[in-house]
Every structure is written in C-alpha cells, then in structure tokens.
Amino acid sequence: SFTTNEILFDTNKATIKSSTKSFRLIRESSQRESIAKNKHKGHTDSDGKETDNQKLSEQRAESVKNYLASNLGIEKSRMTTNGKGETEPIAENKSDEGKKQNRRVEFKIIK
C-alpha cells in the first residue's frame with residue numbers, strides 16, 4: 001500500500017488534474033497482483049465545512065476509481081472507495097505544507 005498527495009484535483013472538485021507517477025505505480029502494483037482488489041481512501045485538509053470535506057473526499061476517491069478503470073483498464077469490481085474527509089490528518093492543518101500533506105489518496109492492495 002502507499003499514500004500519495006501527487007494526485008491533483010481542481011479546487012473543491014473531484015476533477016483530476018494530474019498524477020502520472022502515482023497512476024503508474026498503481027498500474028504496476030495492480031498488474032503484479034492481478035487477482036487482488038484495491039481500496040482507495042480519499043482525505044482532505046480541514047479548510048471548509050467538515051460535511052463538505054467528507055463528501056469531497058468520497059467523490060475524489062470515486063473519481064480515482066473511475067480514472068483507473070477508464071484509463072488503465074483496471075476492473076471496477078476490483079476496486080472499493082472510501083472517503084475520510086478531514087478525520088485522519090497526518091500533519092497539522094495550520095500551514096500550507098501541512099494541508100498539502102493531508103490532501104491525499106491512500107491505496108491498499110487487498111488480497
């Protein structure tokens with residue numbers, strides 16, 4: 001499993017802007033573990049309303065799933081998503097750098 005904050009989204013949206021390196025890693029791990037399932041967890045920083053952040057994290061995790069299915073050919077049935085909003089920060093939300101670290105997607109292979 002791995003965590004990345006390199007998948008970039010439009011502000012307050014689930015539209016993916018870029019993330020070539022992260023998607024390449026996902027494709028490689030998915031090919032190695034062709035019978036495995038993948039779980040994607042979306043996270044946000046604490047800017048805005050907690051309920052909005054929860055919804056946004058769910059939408060972003062689903063957007064990653066759709067991207068992987070459409071662009072990398074990973075079967076949707078092999079992927080599950082979960083949004084955590086701002087509930088599991090890995091850094092403080094007081095600085096731009098901390099917020100950047102908290103806006104992330106986690107990928108886990110489930111065998």
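**View 1. The buried residues of helix 1.** In this predicted model, helix 1 has S22, F23, I26, S29 and S30 buried. These buried residues span an arc of only 130° around the axis, so they end up on the same side of helix 1. Flip to the other side of helix 1 and you find T20, Q31 and R32, which are exposed. As for what the buried residues of helix 1 pack against, the list runs strand 1, strand 3, strand 4, helix 2 and strand 6. A quick sanity check on geometry: 13 residues at 1.5 Å each should give helix 1 a span of 18 Å, and its end C-alpha atoms sit 19 Å apart, which agrees.

**View 2. The open sheet and its edges.** Here 4 strands line up in the order 1-6-4-5, with mixed pairing. Strand 1 (2–4) and strand 5 (79–83) are the edge strands; each has a single partner strand, so one side of each lacks a neighbour in the sheet. On average, neighbouring strands of this sheet are turned by 20° against each other, direction ignored. Zooming in on one pair, strand 4 (residues 37–42) and strand 6 (residues 105–110) run antiparallel over 6 bridges. K37 has its bridge partner in strand 6, namely I110.

**View 3. Two helices lying across strands.** Helix 1 (residues 20–32) lies across strand 1, strand 4 and strand 6, at about 160° to strand 1. Helix 2 (residues 50–72) lies across strand 4, strand 5 and strand 6, and runs at about 160° to strand 5.

**View 4. Helix 2 and what it packs against.** The buried residues here are N53, L56, S57, R60, A61, S63, V64, K65 and L68 of helix 2. They pack against strand 2 (8–9), strand 3 (16–18), helix 1, strand 4, strand 5 and strand 6. With 23 residues at 1.5 Å apiece, helix 2 should span 33 Å; the end C-alpha atoms are 32 Å apart, which agrees. Right after helix 2 comes G73, with a positive phi near 75°.

**View 5. The largest nonpolar core, with a look at F9.** This core counts 11 residues in all: I7, F9, I16, F23, I26, V64, L68, I74, M79, V105 and F107. Helix 1, helix 2 and strand 6 are the elements that give two or more residues to this core. In general, nonpolar side chains tend to be buried together in soluble globular proteins. Now center on F9: leaving aside neighbours within four places in sequence, F9 is in contact with A14, T15, I16, K17, R60, V64 and V105.

How values were computed. Residues numbered from 1 in each chain as written. Predicted model: local features only at pLDDT ≥ 70, side-chain atom pairs only at ≥ 80, totals over all residues. Heavy atoms only, no water. Pairing = 2+ DSSP bridges. Axes fitted to C-alpha atoms, helices over the stretch in contact; angles between N-to-C directions. Contact = heavy atoms within 4.5 Å. Core = buried A, V, L, I, M, F, W, Y, C linked by side-chain atoms within 4.5 Å. Buried < 20%, exposed > 50% of the residue type's maximum accessible area, 1.4 Å probe, protein only. Expected span 1.5 Å × (residues − 1). Arc of directions from axis to C-beta.
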